[in-house]
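Student: I'd like a close look at one part of this model, with the reasoning spelled out. Could you walk me through it?

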Amino acid sequence: MDQTTPPLPPDDTGPPEAALAEATPVMAQFLRLKAEHPDFLLFFRMGDFYELFFEDAVEAAAALDIALTRRGRHQGEDIPMCGVPAERADPYLEKLIRKGFRVAIAEQIEDPAEARKRGAKAVVARAVVRLVTAGTLTEEALLEARAPNYLAALALPAKGGPSLAWLDLSTGELGYESLSPGEVMAALARLDPAEILIPDGAALTGPLAPLAGEMARKVVLRPPASFAPKAAERRLLSLYGVATLDGLGRFGEDDLSALGALADYVELTQKGARPALCPPRPHGQGATVLIDAATRANLELAQTARGARGGSLLAAIDETVTAGGGRLLARWLQAPLTDLAAITGRHDAVGWLVDRPDLRGALRARLRRMPDVERALQRVLMGRGGPRDLGALRDGLTG
């Protein structure tokens with residue numbers, strides 16, 4: 001999983017007809033869905049379990065340290081199989097994502113009783129309802145509470161400088177900025193995105209060479225059409241449900257390309273679930289200190305040289321009492337301001353609270369009861385929320 005991720009959607013030519021002809025109806029269904037998503041592990045819902053078959057089962061069993069069994073035979077060979085409980089799948093998904101896998105979730109989209117009406121051997125209809133990737137996570141169990149989880153898109157036009165856009169799907173935060181080629185790696189180091197969308201065929205040389213080297217594991221190659229400005233505008237209009245982008249801001253063509261690539265990827269992976277996104281926020285050129293990746297690593301701003309949060313500057317100074325506050329502090333620390341007025345404004349706000357210990361104590365006590373409303377709301381809006389998320393919204397509104 002260390003090589004550059006192939007484009008999405010991948011080859012959809014389908015499994016060989018001979019393989020389908022020899023397969024049972026259920027295995028034929030699995031093979032068709034797998035052929036549509038060959039670079040994903042396919043979680044195939046069967047009753048109370050997600051089952052994996054063939055090479056998916058072999059890889060997943062080794063990665064998850066679970067039993068590898070067999071289910072029937074195909075083309076004269078035993079079919080490898082493993083499975084995880086559907087109601088407790090999040091820990092398994094987390095482990096797979098952290099090891100560099102991507103997962104396609106195939107659910108039963110039909111009541112078994114309806115399938116039986118078509119005959120005793122009828123197969124329950126199934127469809128892939130979501131593609132789980134490192135940059136598009138929303139589940140509480142799969143995310144670090146105090147860290148943003150960014151998906152980035154890098155537009156590399158033939159003329160002009162690159163444009164970078166980023167999205168935290170779990171909160172709806174969306175930003176963008178125009179860069180010079182020499183600034184790209186520093187900007188990516190600031191964001192530390194889980195995935196980076198890049199046009200397939202782009203020349204990753206010179207200052208962009210790390211994207212084909214040490215950062216290749218985060219790169220997802222996308223069709224150049226995903227970055228087309230005109231299509232990008234249509235995607236953004238649809239995503240926000242508006243007739244014009246005038247109310248969201250003024251965007252250059254390259255900014256639209258990067259933002260549109262994010263919208264395209266979200267549409268692809270979420271299979272119809274529409275997130276609630278904040279208006280795109282421009283990151284002003286020169287608004288923050290440009291810190292290259294090597295300097296960040298040496299300063300240990302958000303993590304140590306070993307990749308741990310403990311022992312970093314952020315861990316030493318983080319006295320926030322909410323997950324959202326922790327994420328905001330992390331963003332501020334990763335992007336030190338350059339504007340004196342903005343710096344002074346922050347200092348004045350801190351000083352005002354320092355001079356009022358009673359008010360500060362009461363405010364912190366109130367904030368301690370505040371759940372992570374940002375992420376709970378996003379899960380509810382995308383149809384992935386549960387009673388716990390609804391309770392978080394209730395407590396956040398009444399607290």
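Student: Let's take the sheet and the helix lying across it. How are the strands ordered, and which of them stand at the edges?

Tutor: Happy to! Keep in mind that this is a predicted model. The sheet is an open one made of six strands, arranged in the order 3-4-2-1-5-6 with mixed pairing. The edges belong to strand 3 (69–74) and strand 6 (126–132); each has a single partner strand, so one side of each is left without a neighbour in the sheet. On average, and ignoring direction, neighbouring strands here are turned by 35 degrees against each other.

Now zoom in on one of those edges. Strand 3 runs antiparallel to strand 4 (residues 77–85), and four bridges join the two. One residue to pick out in your viewer is R73, whose bridge partner in strand 4 is D78.

Next, add the helix. Helix 2 (residues 25–36) lies across strand 1 (41–46), strand 2 (49–53), strand 3, strand 4, strand 5 (103–108) and strand 6. Its direction makes an angle of about 145 degrees with strand 1.

For a contrast elsewhere in the chain, try two helix residues. L363, found in helix 13 (residues 357–368), has a relative accessible area of 39%, so it is partly exposed. Together with L367 and M370, L363 forms a nonpolar surface patch of about 210 Å² accessible area. A330 in helix 11 (residues 323–334) counts as buried because its relative accessibility is 9%, under the 20% cut-off. Beyond its neighbours within four places in sequence, A330 is in contact with R146 and L314.

Methods
Residues numbered from 1 in each chain as written. Predicted model: local features only at pLDDT ≥ 70, side-chain atom pairs only at ≥ 80, totals over all residues. Heavy atoms only, no water. Pairing = 2+ DSSP bridges. Axes fitted to C-alpha atoms, helices over the stretch in contact; angles between N-to-C directions. Contact = heavy atoms within 4.5 Å. Patch = residues over 30% accessible without salt bridge, like charges linked within 9 Å, V, L, I, M, F, W, Y side chains within 5 Å. Areas by Shrake-Rupley, 256 points an atom, 1.4 Å probe, with all protein chains shown as cover. Salt bridge = Lys/Arg side-chain N within 4 Å of Asp/Glu carboxyl O. Buried < 20%, exposed > 50% of the residue type's maximum accessible area, 1.4 Å probe, protein only.
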